[in-house]
Amino acid sequence: MALTNKIGVISDSFKLPLREGLQKSKELGADGVQIWATQGEMDPANLNAAARKDLKAYLDSIGLEISALCGDLGGHGFQDKEANPAKIEKSKRILDLALDLGTNIVTTHIGLVPDDTSDPIYAEMQDACGQLARYASSVGGYFAIETGPETATHLKSFLDSLGSKGMAVNFDPANMVMVTGDDPAKGVHTLKDYIVHTHVKDGLRLREADPRAIYGSLGYKPMDHEEIARMVSAGEFFRELPPGEGAVDFDAYFQALQDIGYTGYLTIEREVGDQPEEDIRKAIQFIEAYRKRG
């Protein structure tokens with residue numbers, strides 16, 4: 001198995017100003033970057049046409065692509081009927097920004113999909129995600145749901161109900177093993193028709209947990225990325241580890257991606273640790289070892 005996929009890095013992981021993070025990603029050997037685009041400098045409202053053109057020119061000048069933008073707006077995802085109109089509108093603007101910067105993928109968490117399809121929250125999520133899926137399809141883009149809160153089978157069932165491939169999947173194998181206990185390789189085959197972006201991340205499940213305790217849910221608590229990072233560091237339910245040191249079977253995961261014909265990015269996500277540059281360097285080397293196999 002010799003991988004040919006490009007390697008991406010979530011440049012925000014370096015905790016540096018935007019362009020310094022982009023430069024560092026290139027220095028370490030990344031082909032592309034995934035960038036958060038929900039607030040601050042990368043909020044679509046703060047980037048006019050000239051600024052977008054300038055950023056795209058800068059990326060081209062250092063030889064980097066954008067693998068995806070992260071448009072995760074937190075809170076309760078798209079469970080909350082009152083909050084959804086504003087979130088849907090902002091999500092659309094993030095996808096417009098992505099297209100201006102040369103990618104057609106926006107990754108996001110939509111909130112925990114209820115097991116009970118008669119739950120009013122399920123219907124609300126269907127409506128919101130259906131709107132986003134149709135918009136994405138109309139402009140040739142994708143909103144890619146990150147795996148983790150629910151099993152691959154349940155997520156596929158929800159996606160199938162939307163009737164549009166504009167709502168797709170950002171496949172994260174570590175989230176599966178850490179939260180639901182799902183098998184990533186099997187999950188790839190289950191979600192094969194929807195995967196447009198992937199993460200390379202590893203971890204261990206330390207004990208079973210209610211997914212609401214991790215990702216939140218309407219009437220329970222909102223999703224908080226800082227709180228998730230704290231839980232990862234504390235090892236309450238799971239522990240994120242460098243690729244190859246956790247429970248993800250990368251031989252099987254990468255083989256499954258090849259089996260389904262996935263040719264997109266393998267993007268490194270590192271949410272914990274105080275040496276992000278060294279961790280990301282090692283993760284790139286980990287993937288490159290697979291790319292050298294023949």
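Guide: A cavity, in the sense used here, is a set of grid points where a 1.4 Å probe fits but cannot get out. The model to which this is applied is a predicted one.

Visitor: What volume does the largest cavity have?

Guide: The structure holds two cavities of 30 Å³ or more. For the largest cavity, the volume comes to about 50 Å³.

Visitor: Which helix supplies the largest share of the lining of the largest cavity?

Guide: The residues lining this cavity include Glu-240 and Leu-241, as well as Asp-279, Ile-280 and Ala-283. Strand β9 (238-241) and helix α11 (276-291) each supply at least two residues of that lining. The largest share, three residues, comes from α11.

Visitor: How many residues of each class, nonpolar, polar and charged, does the lining of the largest cavity have?

Guide: Among the lining residues are Val-200, Pro-243 and Ile-268, together with Lys-201, Glu-269 and Arg-270. Ala, Val, Leu, Ile and Pro are among the residue types that count as nonpolar, whereas Asp, Glu, Lys and Arg count as charged. Sorted in this way, the lining of the largest cavity has six nonpolar, no polar and six charged residues.

Visitor: And how many polar residues does the lining of the second largest cavity have?

Guide: The second largest cavity, with a volume of about 40 Å³, is lined by Gly-71, Asp-72, Leu-73, Gly-74, Gly-77, Phe-78, Lys-87, Thr-108 and His-109. Since Gly is counted among the polar residues, the glycines belong to that class. Beside two nonpolar and two charged residues, the polar ones in this lining number five.

Visitor: Turning to the strands, is β2 largely enclosed by the rest of the structure or largely open?

Guide: A residue is taken as buried when its relative accessible area is under 20%. In strand β2 (residues 32-36), four of the five residues are buried, and the strand is therefore largely enclosed by the rest of the structure.

Visitor: Which residue of β2 is the bridge partner of Gly-8?

Guide: Strand β1 (residues 7-10) pairs with β2 in the parallel sense, over three bridges. Within this pairing, the partner of Gly-8 in β2 is Gly-32.

Visitor: Which residue of β3 is the bridge partner of Val-33?

Guide: Strand β2 and strand β3 (residues 65-70) run parallel and are joined by five bridges. Across them, the partner of Val-33 in β3 is Ile-66.

Visitor: Is the crossover from β2 to β3 right-handed or left-handed?

Guide: Before this crossover, β1, helix α1 (residues 18-27) and β2 make a β-α-β unit that is right-handed. From β2 the chain crosses through helix α2 (residues 49-62) to β3, and this β-α-β crossover is right-handed.

Terms used. Residues numbered from 1 in each chain as written. Predicted model: local features only at pLDDT ≥ 70, side-chain atom pairs only at ≥ 80, totals over all residues. Heavy atoms only, no water. Buried < 20%, exposed > 50% of the residue type's maximum accessible area, 1.4 Å probe, protein only. Pairing = 2+ DSSP bridges. Right-handed = clockwise from strand over helix to strand, strands pointing away. 1 Å grid on protein atoms, 1.4 Å probe; cavity = no way out; pocket = protein on both sides within 12 Å on 5 of 7 lines; lining within 4 Å. Points joined across faces, edges and corners; volume = space filled by probe spheres on them.
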